[in-house]
Amino acid sequence: MKYRSDINGLRALAVIPVLFFHAHLQGFEGGFLGVDIFFVISGFLITTLIFNDLENGKFSILSFWNKRLRRILPALIFISLITTIISFFTMLPYDLKNYGQSLVATILSANNILLYLTSGYWSLATEFKPLYHTWSLGVEDQYYFFIPLIMIFIYKKFNALVLLIVLLFISSFTLSYFSDNKELNFLIITHRMWELLAGSLVTLFLSKYKVAPNNLIATIGLAFIVFSYIFPYYISNNQAIYTLLPVVGTVIIILYSSNSTKIGKILSIKPLLFLGTISYSIYLFHMPLLVFLRLSVEGEAEVYLQSIFVLFSIPLAYLSWRYVENVFRYKNKISNKNFYTILIFLSTILFVIGLSLHYSYGFQSYSKYNYGKNPQKYCDEPNKYIKTNFISNKSHLLIIGNSFARDFINMIRANDKLDKFEIILLPSAQQGNAINLIKQADIVIAVSSAGMTNVINKKELIINSKKLFQLLKMEAKGKFYLVGTKNFGFNNNFLINKDFQNIPKYSVSVNSSTFIANEIEKEIWRNHYIDILKLIMNDDKKVPVFTNNGNFISFDTEHATKDGAKFIGNILFTKTQLKDIFL
């Protein structure tokens with residue numbers, strides 16, 4: 001295939017918006033769509049390489065995979081090594097554990113699957129994951145595995161090949177269109193494959209038909225891409241629909257641009273060619289830079305600082321491209337034997353480190369900041385209280401809510417308040433047996449998690465909170481309360497490098513979303529509201545990070561450790577309306 005400098009320049013227009021989107025720079029709300037452009041380009045280029053080799057009778061699947069591994073893994077392993085080293089100096093055990101999971105998933109080209117099963121792409125937790133952006137490499141690697149197999153088996157039956165690719169395209173697009181699961185749509189190959197297949201279909205089309213370059217049509221394609229960056233949700237909030245603009249725009253440019261058209265010449269200017277050439281390494285470096293900046297500051301890093309900081313990915317990417325990518329990419333520089341020896345050795349080391357971080361909970365036993373035990377497991381232990389009916393003669397205590405409700409049960413357990421109650425945990429008041437349990441209960445305590453992960457929808461919160469209040473007012477036969485939401489900072493990893501004279505006294509600002517939610521629900525529930533924030537905030541409206549013994553109250557700034565459960569519970573059971581219940 002003749003070198004297309006315009007496509008290389010298009011890579012630059014794909015990667016730069018991704019950088020500024022992740023830096024939260026205003027005007028780049030659709031910058032994440034740059035990944036969709038990469039998908040189409042990858043599908044086109046990879047299918048073209050396979051098709052041309054098949055046409056010339058020289059395609060080898062082992063050779064293909066070897067080239068892909070040489071292209072992708074050296075820079076990826078390099079950035080993984082760097083982030084692993086830095087992580088030990090910038091992360092608390094909780095984030096180190098999560099990093100270990102990401103590291104293993106990245107080595108296995110499955111970070112997209114890990115993200116889907118855990119935090120997801122759009123979660124606040126991803127703000128502190130240096131390798132979370134490798135989800136897109138997982139999608140591409142999974143595509144690179146099966147697309148050559150398809151083409152090998154039915155290459156000689158061209159019409160059947162086209163039909164199969166079209167059917168796969170339609171199936172994937174349909175799955176994306178009808179799915180309401182935002183994370184599934186964004187992360188899993190079955191719902192993203194249609195974008196790569198769009199590039200593959202362009203290859204098959206161009207193998208049979210010649211398309212004359214047309215600058216006007218190519219300009220329209222570029223306009224589609226730029227418009228999608230600025231107004232990503234203008235035409236629809238459905239992912240399959242709003243990603244059509246950048247996908248179609250990229251397809252149009254591939255078809256109707258060339259190195260000689262005006263658009264092609266614009267895309268081929270030297271700065272764009274330079275950025276396009278090193279775009280892969282830019283993409284790899286930008287997220288670790290942003291994450292380590294965020295981990296180092298208390299509260300949220302300023303957008304202008306993130307926007308400046310992320311640009312350091314360009315010089316770092318150049319060094320990686322020159323001294324890593326261009327060295328390991330070619331057999332005349334590094335033989336296959338040496339390449340795979342180095343690859344297996346480093347991958348094994350990273351894999352073992354990742355597993356160790358996961359199973360040791362971030363080596364917390366070696367950290368001056370630890371949680372005493374596995375806090376996530378501790379937080380989930382109250383799930384054993386999920387039952388369908390009260391059966392004992394003890395006072396019936398119904399607790400309604402999600403993980404924050406489980407925290408509240410742990411507060412009861414940690415303060416030895418279990419004996420007089422039969423407790424049932426009801427994860428949602430919308431469950432079929434909810435009203436029956438509410439009527440059976442002597443006491444009902446709902447627990448709020450509003451404002452969690454720094455996100456709040458005021459209108460939705462008001463509607464749902466009023467609905468729950470009215471339900472309990474009508475159906476509860478005894479006392480009922482809402483235990484308010486809680487938060488212990490935006491991110492507390494900055495503590496790792498601080499040497500405090502008096503650690504138990506250190507306090508942090510509460511996320512604004514939590515403050516807002518607290519005020520909204522307090523107004524609705526009034527005397528039935530238990531205001532945790534008011535009880536633990538100081539005069540500066542900050543909350544403690546540590547108990548009086550210097551132990552973490554929360555392991556993730558929202559959920560309580562065992563020490564935190566005892567600390568908060570003691571306050572709730574001695575200084576609120578709950579003290580008469582839990583005497």
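1. A pocket, as the word is used here, is an open set of grid points with protein on both sides within 12 Å along at least five of seven lines, and the residues that line a pocket have an atom within 4 Å of a point. In this structure, which is a predicted model, the largest pocket has a volume of about 1200 Å³. Of the 43 residues in the lining of this pocket, those closest to its centre are R11, L45, R68, R71 and R329.

2. Which elements give two or more residues to the lining of the largest pocket? They are α1, α2, α3 (61-90), α6 (135-154), α14 (270-277), α15 (279-296) and α17 (313-328), and among the contributors α2 gives the most, with nine residues. By residue class, the lining of the largest pocket divides into 18 nonpolar, 11 polar and 14 charged residues.

3. The enclosed space should be kept apart from the open pocket. A search of the whole structure for cavities of 30 Å³ or more finds one, and the volume of the largest cavity is about 30 Å³. Its lining is made up of F404, D407, F408, M411, V447, S448, V483, G484, K486 and I532, and helix α20 (residues 403-414) supplies the largest share of that lining, namely four residues. Six of the lining residues of the largest cavity are nonpolar, two are polar and two are charged.

4. Aromatic residues deserve a point of their own, since a search of the whole structure finds 46 aromatic pairs. In one of them, the ring centres of F32 and F186 are 6.1 Å apart and the ring planes stand at 50 degrees, so the pair is tilted. F32 lies in the loop between α1 (5-22) and α2 (34-55), while F186 belongs to helix α8 (residues 182-187), and the pair therefore ties together parts that are 154 residues apart in sequence.

5. Are the two partners in this tilted pair, F32 and F186, buried or exposed? F32 counts as buried, at 1% relative accessibility, and F186 likewise counts as buried, at 2% relative accessibility. F32 and F186 also appear in one aromatic cluster, which is formed by F21, F32, F39, W135, F186, Y233 and Y242.

6. A further pair is formed by F339 and Y340, whose ring centres are 4.8 Å apart and whose planes stand at 80 degrees; because planes over 60 degrees apart count as edge-to-face, the pair is edge-to-face. F339 is buried, with a relative accessible area of 2%, whereas Y340 is partly exposed, with a relative accessible area of 24%. The ring of F339 has a charged partner as well, for R70 lies over its face at 4.6 Å from the ring centre.

7. Another arginine is placed over an aromatic ring: the charged end of R68 sits over the ring of Y144, 5.5 Å from its centre. A reader tracing the largest pocket will meet R68 again there, as one of the residues closest to the centre of that pocket.

8. W321 has its place in helix α17, one of the elements that give two or more residues to the lining of the largest pocket. W321 is partly exposed, with a relative accessible area of 21%, and, when residues up to four places away in sequence are not counted, W321 touches T277, I278, S281 and N326. Although W321 and A75 are 246 residues apart along the chain, their C-alpha atoms are separated by 7.7 Å.

9. L25 lies in the loop between α1 and α2, and at 27% relative accessibility L25 counts as partly exposed. Leaving aside neighbours within four places in sequence, L25 is in contact with F20, V303 and S307. L25 and V455, which are 430 residues apart in sequence, are 18 Å apart in space, C-alpha to C-alpha.

10. Finally, where is N511 placed? N511 is found in the loop between β5 (507-509) and α23 (512-525). With a relative accessible area of 6%, N511 is buried, and, not counting residues up to four places away in sequence, N511 touches N454, N487, G489 and F490.

Terms used. Residues are numbered from 1 along each chain as its sequence is written. This is a predicted model: local features need pLDDT of at least 70, side-chain atom pairs count only at pLDDT 80 or more; totals for chains, interfaces and linings use all residues. Side-chain values use heavy atoms; hydrogens and water are left out. Buried means under 20% relative accessible area, exposed over 50%, partly exposed in between (1.4 Å probe, protein chains only). Contact means heavy atoms within 4.5 Å. Rings of Phe, Tyr and Trp (its six-membered ring) pair if their centres lie within 6.5 Å; planes under 30 degrees apart count as stacked, over 60 as edge-to-face and the rest as tilted. A charge sits over a ring if NZ of Lys or CZ of Arg is within 6 Å of the ring centre and within 35 degrees of the ring normal. On a 1 Å grid over the protein atoms alone, a cavity is a set of points where a 1.4 Å probe fits but cannot get out, and a pocket is an open set with protein on both sides within 12 Å along at least five of seven lines; lining residues have an atom within 4 Å of a point. Grid points are joined across faces, edges and corners, and a volume is the space filled by probe spheres set on the points. Ala, Val, Leu, Ile, Met, Phe, Trp, Tyr, Cys and Pro count as nonpolar, Asp, Glu, Lys and Arg as charged, and the others, Gly among them, as polar.
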